[in-house]
Amino acid sequence: MNVHHLFAGTGDRTVRYALSGAGGGFARTLLAQTLRIDRLAPSVLCDRDVERLAEMLLELGYAPDALRVCADADEVARAGEEGRIALVREGSLLPAGAWDILVEATGSPADGFAMARAALTAGRHVAMVSKEVDSVAGLHLADLARDNGVVYTTADGDQPANLIALVTWAELLGLDIVAIGKSSEYDLVLDPEAGTVTQLDTTVPAPELAGLLSLGDDPRSTLAARAAAVSALPVGATADYCEMAVVATNTGFRPDTERLHYPVARIAELADVYALREDGGVLRRPGAVDVFSALRLPDEASFAGGVFVVVRTGDPVTWETLRGKGHVVSRDGRYAAIYLPYHLMGVETPVSLLSAVLHGRPSGGTDPRGHAVLAGRARHDLPAGTVLEMGGHHHDVTGVRAVLLRDEDTPADTAPLYLAAHATLIRDVRAGELLTLADLADADADLLHAWTAGRASRATGSSPAPASR
């Protein structure tokens, strides 16, 4: 499709956005790309460090006289009237600006929810980048958007929206999808001569991995051996589980196992790896959402941040023809993998913003449901009084391991992981136990209401996912 047709006939309206978490990496990519798009403009940018934000904007090429640091609502409104971009420290000042859609990118569950709720109830659209917010309050925010006649959406450029796009494309074509997912954030790069494997800036010895580049006759045994060979490297980032929770909500695909499989796999193996167990793969059942660790050689292209679907093949002649053209088809010809090996963060997000504002169309699911729950199990015994701090690049919660539970496997009192963030435990929690709502002494009241209201309103029983999932 010629994507220019998507917005043909919508006039010359400029879509204006507010952006929270404006000093972050995702925000930077959006702000950089905005300069190249005539129909898009920032209106109000929110970040605690407005001085650093201003420096970044100047570095990107924004004119100094286009920026104005604002301390109150009147100054924000005046900046808009003057055609300037308002820079603010507090999210409470966002509503004073003139804009169409909020891009929420703080990563803060409570703050992000408050800003998104304020926007939606004021009749403004929201593009949610903060998966932490969506995993707790996404269903409730979708209800608020519906009730106020606006759009609540994931954002193109981040893996959840990219994967939703790929899945819905495959569904439109009538493909029989068995599994969907993404790679972990950083590839495993094998140096066969040195006998080492590198993940981002960490290199560990893995001499046996060079002999495991082929799946062999027993793929599951090979995958187990690979996992053992790289056991010194971390597997299972909290952010991965959170993103797959968002995807489950929007697609109905659900985890095959609560810790996900995380196979160490090469791109050409995906169709064999994500086959059903009776066909030699890892899946107990079809309809899975999962994450793999991409194994590659130094001179091979990266998959980091990419997304995939694995489908059952139909006419064997068709798929053998496609195999001959370089497509990834399993060795037995029963499965095929289709993938996009990239995500471009905020560079792609303008498509979602224009679509929401000009067409009233979301990039995410049109009927999100509580198909899965991002929860947490105690990594070790946690005494009463422990504060469950959230921090780090992947927004881990102190002492808690992320898990992704299927809706039918989730006890009713399970606490979503990011409702527990920054809360204090009211009782001792033993290693391996799920955190429950009753364990939290001081969970954010607004987030708790959003969680319970959203789950009650959009329970999966009201609109079940296909039986295969």
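Which residue's side chain does the side chain of D143 meet in a polar contact? In this predicted model, the partner is R458, and the polar contact between the two side chains spans 2.7 Å. D143 sits in helix α5, which runs over residues 131-147. Its relative accessible area is just 6%, so D143 counts as buried, the cut-off being under 20%. Setting aside residues up to four places away in sequence, D143 touches S457 and R458. Helix α5 turns up again below, in the linings of the cavities and of a pocket.

Stepping back to the whole chain, the protein has 13 helices and 21 strands. Its radius of gyration comes to 23 Å, close to the 23 Å that the globule rule gives for 469 residues, so the protein is as compact as a globular protein of that length. Taken along the principal axes, the C-alpha atoms fill a box of roughly 70 × 55 × 50 Å. Of the 469 residues, 55% count as buried. As for contacts with a separation of 6 or more, 73% of them are between residues 24 or more positions apart.

What about empty space inside the protein? The count comes to two cavities of 30 Å³ or more. The largest cavity has a volume of about 130 Å³. It is lined by 17 residues, and D134, S135, L139, T249 and W451 are the ones closest to its centre. Four elements give two or more residues each to this lining: α5, α8, β18 (372-378) and α13 (445-457). Helix α5 provides the largest share, with six residues. Sorted by class, the lining of the largest cavity holds ten nonpolar, five polar and two charged residues.

The second largest cavity takes up about 70 Å³. Its lining is made of M128, V129, S130, K131, D134, T154, A155, D158, P160, A161 and V246. Here the elements that give two or more residues are α5 and α6, the latter covering residues 159-172. Six nonpolar, two polar and three charged residues make up this lining. D134 is worth a second look: this residue is among those closest to the centre of the largest cavity, and D134 also belongs to the lining of the second largest one.

Pockets, unlike cavities, are open. The second largest pocket has a volume of about 610 Å³. Its lining counts 24 residues, with F26, K131, E132, M345 and H393 nearest the centre of the pocket. At least two lining residues come from each of α1 (25-34), α5 and α8 (238-251). By class, the lining of this pocket breaks down into six nonpolar, eleven polar and seven charged residues. K131 links two of these spaces, as K131 lies in the lining of the second largest cavity and is also among the residues nearest the centre of the second largest pocket.

M345, another of the residues nearest that pocket's centre, has an unusual-looking backbone worth a mention: its phi is positive, at about 55°, although M345 is not a glycine. The residue is found in the loop between β17 (335-340) and α11 (349-359). With a relative accessible area of 28%, M345 is partly exposed.

Y262 also has a positive phi without being a glycine, this time of about 50°. Y262 is in a loop too, the one between β12 (254-255) and β13 (264-265). Buried or exposed, where does Y262 fall? At 7% relative accessibility, Y262 counts as buried.

Finally, there is V310, which is part of strand β15, residues 307-312. Its relative accessible area is 0%, so V310 is buried. Which residues does V310 touch, leaving out those up to four places away in sequence? The list runs to D176, I177, V178, A179, L270, A271, Y274, Y335, A336 and A337. V273 lies 37 residues from V310 along the chain, and the C-alpha atoms of the two are separated by 9.5 Å.

Key. Residues numbered from 1 in each chain as written. Predicted model: local features only at pLDDT ≥ 70, side-chain atom pairs only at ≥ 80, totals over all residues. Heavy atoms only, no water. Buried < 20%, exposed > 50% of the residue type's maximum accessible area, 1.4 Å probe, protein only. Polar contact = N/O pair within 3.5 Å; in protein donor to acceptor, adjacent residues only side chain to side chain. Contact = heavy atoms within 4.5 Å. 1 Å grid on protein atoms, 1.4 Å probe; cavity = no way out; pocket = protein on both sides within 12 Å on 5 of 7 lines; lining within 4 Å. Points joined across faces, edges and corners; volume = space filled by probe spheres on them. Nonpolar A, V, L, I, M, F, W, Y, C, P; charged D, E, K, R; others polar. Rg over C-alpha atoms; globule rule 2.2 N^0.38 Å.
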